[in-house]
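Reader: I am new to this structure and would like a close look at one part of it, the largest pocket. Please describe what lines it, and then how the rest of the chain is laid out around that starting point.

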Amino acid sequence: KTFEEIKVSDICNLALVNRSTFYAHFDDKYDLLANCLDDLKQNLFSLLYVNDNDVNTKEYFMEMLKILINHIDEKKDIYLAILVNNRNGILMDIILDVANKAVNEKIKVGNNNIVSNIPTDVVSKFYLGAIIGICLYYLKSGNKYSKDDLIKYLEVLILL
């Protein structure tokens, strides 16, 4: 079913909870969805934030790619469900928002080794575009390439 077709009663039946219990925690199914997406984003941010590989720009973003692709692999069912329901924009927003936040936090705390003489926002957008593109490709292409192969390919393609 698409999200629009799912009823609160469907969610309650699957979760084995009463409707009153559901409504004690959530206003409606959209509130539940927002809560689930927030949890997904928080989990991803906590993983990205601990990326302390700041030897240079390339190494930092390669580590970010590894973290992202492993996270997507672990939560593939969730990400695929978002994609299947034509929510490509939501998926992009989740990953881009969280990755941008992680990069900005790293810069704030003084890890400026990830930034060269190019403005930080330009460097960030360049790498994040490649990383997010590869992550979405990995998710959409099924098992065409392994995550290790894609990481290896990007390692060669990113020169900085």
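Author: The largest pocket is lined by 22 residues, and those nearest its centre are Phe3, Ile6, Leu33, Cys36 and Ala81. The model is a predicted one. The volume of this pocket is about 650 Å³. Rolling a probe the size of a water molecule over the atoms shows where empty space is left.

Three helices each supply at least two residues of the lining: helix 1 (8–15), helix 3 (29–49) and helix 5 (76–84). Of the elements, helix 3 gives the most to the lining, with 7 residues. Sorted by class, the lining of the largest pocket holds 13 nonpolar residues, 6 charged ones and 3 polar ones.

The pocket belongs to a chain whose secondary structure comes to 8 helices and 0 strands. Read from the N terminus, the order of elements is α-α-α-α-α-α-α-α. The protein chain has 160 residues, and buried residues make up 36% of them. Its accessible surface comes to about 9300 Å², and carbon and sulfur atoms account for 55% of that surface. Among contacts between residues at least 6 apart in sequence, 68% join residues at least 24 apart.

Helix 5, one of the helices that line the pocket, can be followed through two of its residues. Ile82 is in helix 5. Ile82 counts as buried because its relative accessibility is 11%, below the cut-off of 20%. Ile82 and Thr2 are 80 residues apart in sequence, yet their C-alpha atoms are 9.8 Å apart in space. Lys76 is also found in helix 5. With a relative accessible area of 18%, Lys76 is buried, again because buried means under 20%. Leaving aside residues up to four places away in sequence, Lys76 touches Tyr138, Leu139, Gly142 and Asn143.

Those contacts lead to helix 7, which covers residues 120–140. Helix 7 has 21 residues and reaches 30 Å from its first C-alpha to its last, close to the 30 Å expected at 1.5 Å a residue. Tyr138 and Leu139, two of the residues that Lys76 touches, are among the buried residues of helix 7. Others in that buried set include Val123, Ser124, Tyr127, Leu128, Ile131 and Ile132. Gly142, another contact of Lys76, follows helix 7 and has a positive phi, near 70°.

At the other end of helix 7, Thr120 has its place in the helix. Thr120 is partly exposed, with a relative accessible area of 25%, because that value falls between the 20% limit for buried and the 50% limit for exposed. From C-alpha to C-alpha, Thr120 and Asn104 are 8.9 Å apart in space, and they are 16 residues apart in sequence.

Helix 6 (residues 88–108) contains Asn100. At 14% relative accessibility, Asn100 counts as buried. Apart from residues up to four places away in sequence, Asn100 touches Ser124, Lys125 and Leu128. Ser124 and Leu128 are both listed among the buried residues of helix 7.

Helix 4 (residues 57–74) can be set beside helix 7 through Thr57. Thr57 and Val123 are 66 residues apart in sequence, with their C-alpha atoms 8.4 Å apart in space. Thr57 is buried, with a relative accessible area of 8%, and Val123 is one of the buried residues of helix 7. Besides Thr57, the buried residues of helix 4 include Lys58, Tyr60, Phe61, Met62 and Met64. Further along helix 4, the buried set includes Leu65, Ile67, Leu68, Ile69, His71 and Ile72. The 18 residues of helix 4 should span 26 Å at 1.5 Å a residue, and its end C-alpha atoms are 26 Å apart, which agrees.

One residue from a loop completes the picture. Leu16 is found in the loop between helix 1 and helix 2 (19–25). Leu16 has a positive phi of about 60° although it is not a glycine. Leu16 counts as exposed because its relative accessibility is 77%, over the 50% cut-off.

Note on methods. Residues numbered from 1 in each chain as written. Predicted model: local features only at pLDDT ≥ 70, side-chain atom pairs only at ≥ 80, totals over all residues. Heavy atoms only, no water. Helix = DSSP H or I, 4+ residues; strand = E, 2+ residues; numbered from the N terminus. Buried < 20%, exposed > 50% of the residue type's maximum accessible area, 1.4 Å probe, protein only. Expected span 1.5 Å × (residues − 1). 1 Å grid on protein atoms, 1.4 Å probe; cavity = no way out; pocket = protein on both sides within 12 Å on 5 of 7 lines; lining within 4 Å. Points joined across faces, edges and corners; volume = space filled by probe spheres on them. Nonpolar A, V, L, I, M, F, W, Y, C, P; charged D, E, K, R; others polar. Contact = heavy atoms within 4.5 Å. Areas by Shrake-Rupley, 256 points an atom, 1.4 Å probe, with all protein chains shown as cover.
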